[in-house]
Amino acid sequence: MHIVVCLKQVVDPEIPPRYFKIDPETNRPEAGSSDMVMDSYAENALEAAIQLRDKIDGATVTALCLGDEESEDVLRRALAFTADQVVRIWDDEWEDLDGQAVGYILAQTIKRLGEVDLVLTGYQASDIEEGLVGTVMAEELSIPCVTLVSEFEAEGNVIKAVCETETGHAVMDVPMPAVFTIVSSEKNVPRLPKVKDVRLARSKPIKELGIDDIEGLDSELCQPAFTLQKVFVPDRDVNCEILTGSDDSQIANSLTDKLLELKVL
Amino acid sequence: MVKVLIYADQLEGKLGSNAREALSFGTLLAESTSVKIGAVLLGTGAGDGAKEAIACGADQAFTIENPILDEFQTDLYSKAICAAFQQSEADILILPFDRKGKDLTGRIATRLSAAAITEVVDFKAEADGIKWIRPIYGDKAYGEYTANRKKIVVGIRPKSSEKKEADENRTGSIIPVNCELSKVTVAAKLVEKIESSLSGIRLEDARVIVSGGRGLGCSEAFSELQELANVLNGAVGATRAACDAGWVPSNFQVGQTGAVVAPDLYIAVGISGASQHLSGIANAKTVVAINNDAEAPIFKRANIGVVADYKTVIPALTKILKQKIG
C-alpha cells in the first residue's frame, strides 16, 4: 500500500495577536514575526499515515509538500516521523496560490508518484483556512473523498473511516484509492520523534520536482482563482471587567448579579 | 434570470437555520448588485421548502424532489446542485460552509470549473466588482478577495449573517430540475451513524454555552459544567485540546473546526483562548472567562473575567444561580 500525505508549512498559529502584523507590501504576516511550523492537521495526517503503514506489510509513506526551500523543514520532520520518501514541488511563480490551485497541482504531482492507494491531507490549514485542497484533489484524481476523518483502518481493499458529523460520527466503507481530509483525534496525536530518527532525517534525500517535471500542467489552473487584494487586522480587544471577591460564593454572587443586569440569563 | 443561486437545505419542507442565513446573505447581495436570486432545494419536501425560500427572498426556486436525496450523500448532492446551477444559468453559487458545505464546495467548484472561496463572512459590492471578505490566520486578520473567473462558488461561514424575516406575500416561480441520479456511483458507503450528545440542546442552537478547555484537566470536570449548563438551560462545549485529550467526544468542539456558535452567553472555563477556538465564538454576545491564569488570551476576548480556580467557583456559581433563577 502506498500512502501519500500532503503537508503544509504555516505561520505558527499560536502567535499572540499583539505580535501579529501584516506586511502591507506582500499582504502576508511580517517576516520574522513568528516561526514557521507544520500545520497541525497535516501533522495529524502524517501521524495517521505512519501508524497505518506500520500495520501493513510492505506499505510505504510518501510525504509531499508544495512549498519553497524553507518548507524543507516540514519534510525533514516527516522523515523524522519515519516517512519512507519525501517530495517537494515548487516553482517561483507559485508564490500566491490558493487552495484550488494547490489541490490541482498536488493531484497532478500525485499522478507521477506511481500507484497511490490513499492520499491524506489536513482538513484545513491554520493560515488561510480554506478547506479546499482535499476535495479538489479528489475531483482531479476522480477518486472518492471523505472529509473530517478522525480515524480509520484498512480492511483488505476497503478502508473503514470514521468521520465527524454535526451530531456525532459516521462510519464509512471507502474503496481505495481515496482522499481523506484529517482532523485531530485521540488516535492521531503526533509522536515525539526519536532522537535517532531526527538525526537520520538530516541526511536523507528530499526529492525535488519543478514545473517541468509535471507533464501537461494546465497553466490556467495553476493560477489562483481568487486574488487577495487587501488584508486588515481588526481591533478586537474588548474591555474585560474582572470580578473579584473574598471567596468563591462572593464571586459567584457578583457574577450572577452582573449576568442578570446584562439580561443574558 | 437569476444571477445568484443559493443551496437551501430543507428537512420535511422546512428550511434549516444555515439555509435561512444563506438566503439573507444572498438577498443582501442581490439588493446591492441589483440582481435576482434563486434557491435550490433537494429531496422530499423540496416543494414546500421552495415556498419558504421564496418568502425568504428567492425569486425562483429550483427543486429536485427525489427521495434519493433525503439523506445527505456527497456524490448525489454534488451532481444535483451542479445540475440546478447549470439550469439556473446563475454565475454565483452560495452555500453554507457547514458540514455539507465542507464536502461540497471544492467538488462542485472543480466540476463547474468555477472559482471557490470559503468561510466568507461578508462582501462589498464596489464599482470594480464584488470583494469577498473572510477571516485568515485564525481570525487575526481579514482578507478582501476578488474572483478571477466568471463562475464562482462561495461557502459562507455559519452564524455570520442575521436571519431576515420571511415575507409570506413574496411571489416567485418554482422550477423542477431534471437530473438523473439513479446512475451516480456512490463510492463511500455509510455503514453506521453514531450520535453523541450529553444534553438535548444542539450547540449551534443554544442561547447559553458552558465550555471547558485544557485547564479542566480531566473528563470528570465536564459533569460540573453540565450541571451549570442545566441550570442555565444551555449546552456544554469544549475546546479542541479537551476533545483531543478524549475528555469529551469531538462533536462537543467549539471553534473553527467544530461548531461555530453565536450564543447570548458563552462561559469559557479553563480555556486559554487559542485563535482556533476564538474564531468559533466570534459572534457570541457576552463572554465570561473563568481561568486561574490572569495572562490567558481569553481575557482579551471576554467581557467579564474571573481569575480563580474553576473547581470551587463553578459549584458556587451553580448553587447561586439555582437560588436566583432556578
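Colleague: How many strands does the open sheet have, and in what order?

Modeller: This is a predicted model. Read a sheet from one edge to the other. Here the open sheet has 10 strands, with mixed pairing. The order is 13(A)-7(A)-6(A)-1(A)-8(A)-12(A)-9(A)-10(A)-11(A)-13(B).

Colleague: Which are the edge strands?

Modeller: Look for strands that pair on one side only. These are strand 13 (207-209) of chain A and strand 13 (189-195) of chain B. Neighbouring strands are turned against each other by 30° on average, with direction ignored.

Colleague: How many bridges join strand 6 to strand 7 of chain A?

Modeller: Follow the bridges from strand to strand. Strand 6 (residues 60-66) and strand 7 (residues 85-89) of chain A run parallel and are joined by five bridges. To find a pair by eye, start at Ala63(A): its bridge partner in strand 7 of chain A is Val86(A).

Colleague: Which helix packs on the sheet?

Modeller: List the strands that the helix touches, then take its angle to one of them. Helix 1 (residues 40-55) of chain A packs on this sheet. In chain A it touches strand 1 (2-7), strand 6, strand 8 (118-122), strand 9 (145-155), strand 10 (158-165) and strand 12 (178-182). The direction of the helix makes about 165° with that of strand 1 of chain A.

Colleague: What does chain A look like in overall numbers?

Modeller: Count elements, then take the span and the burial. Chain A has six helices and 15 strands. Along its principal axes, its C-alpha trace spans about 65 × 45 × 40 Å. Of its 265 residues, 52% are buried. The accessible surface of chain A is about 12300 Å², and carbon and sulfur atoms hold 46% of that.

Colleague: And how do I read contacts along the sequence of chain A?

Modeller: Set a separation in sequence, then count. Take contacts in chain A between residues at least 6 apart: 71% of them join residues at least 24 apart.

Colleague: Which residues have the most contacts inside the largest nonpolar core?

Modeller: Look for buried nonpolar side chains that join up. The largest such core has 42 residues, and those with the most contacts inside it are Leu23(B), Leu41(B), Ile94(B), Trp132(B) and Val154(B). Helix 1 (residues 17-33) of chain B gives the most to this core, six residues. Another core lies apart from it, with 39 residues, including Ala42(A), Ala78(A), Cys163(A) and Ile182(A).

Colleague: What does Ile94(B) touch?

Modeller: Skip residues up to four places away in sequence. Ile94(B) then touches Val4(B), Leu5(B), Ile6(B), Tyr7(B), Ala22(B), Phe25(B), Gly26(B), Leu29(B), Val154(B) and Ile156(B).

Colleague: What confidence scores come with the model?

Modeller: The model scores ipTM 0.92 and pTM 0.91. Chain B has a mean pLDDT of 94, and 98% of its residues reach 70 or more. Where pLDDT is low, predicted coordinates should not be read in detail.

Notes: Residues are numbered from 1 along each chain as its sequence is written. Chains are lettered from A and ligands numbered from 1 in the order in which they are written. This is a predicted model: local features need pLDDT of at least 70, side-chain atom pairs count only at pLDDT 80 or more; totals for chains, interfaces and linings use all residues. Side-chain values use heavy atoms; hydrogens and water are left out. A nonpolar core is a set of buried Ala, Val, Leu, Ile, Met, Phe, Trp, Tyr and Cys residues joined through side-chain atoms within 4.5 Å. Buried means under 20% relative accessible area, exposed over 50%, partly exposed in between (1.4 Å probe, protein chains only). Helices (H or I, at least four residues) and strands (E, at least two) are DSSP runs, numbered from the N terminus. Contact means heavy atoms within 4.5 Å. Two strands pair if DSSP finds at least two bridges between them. Axes are lines fitted to C-alpha atoms, for helices over the stretch in contact, and angles run from 0 to 180 degrees between N-to-C directions. Accessible areas come from the Shrake-Rupley method with a 1.4 Å probe; for residues, only the protein chains shown count as cover. pLDDT is the predictor's confidence in each residue, from 0 to 100.
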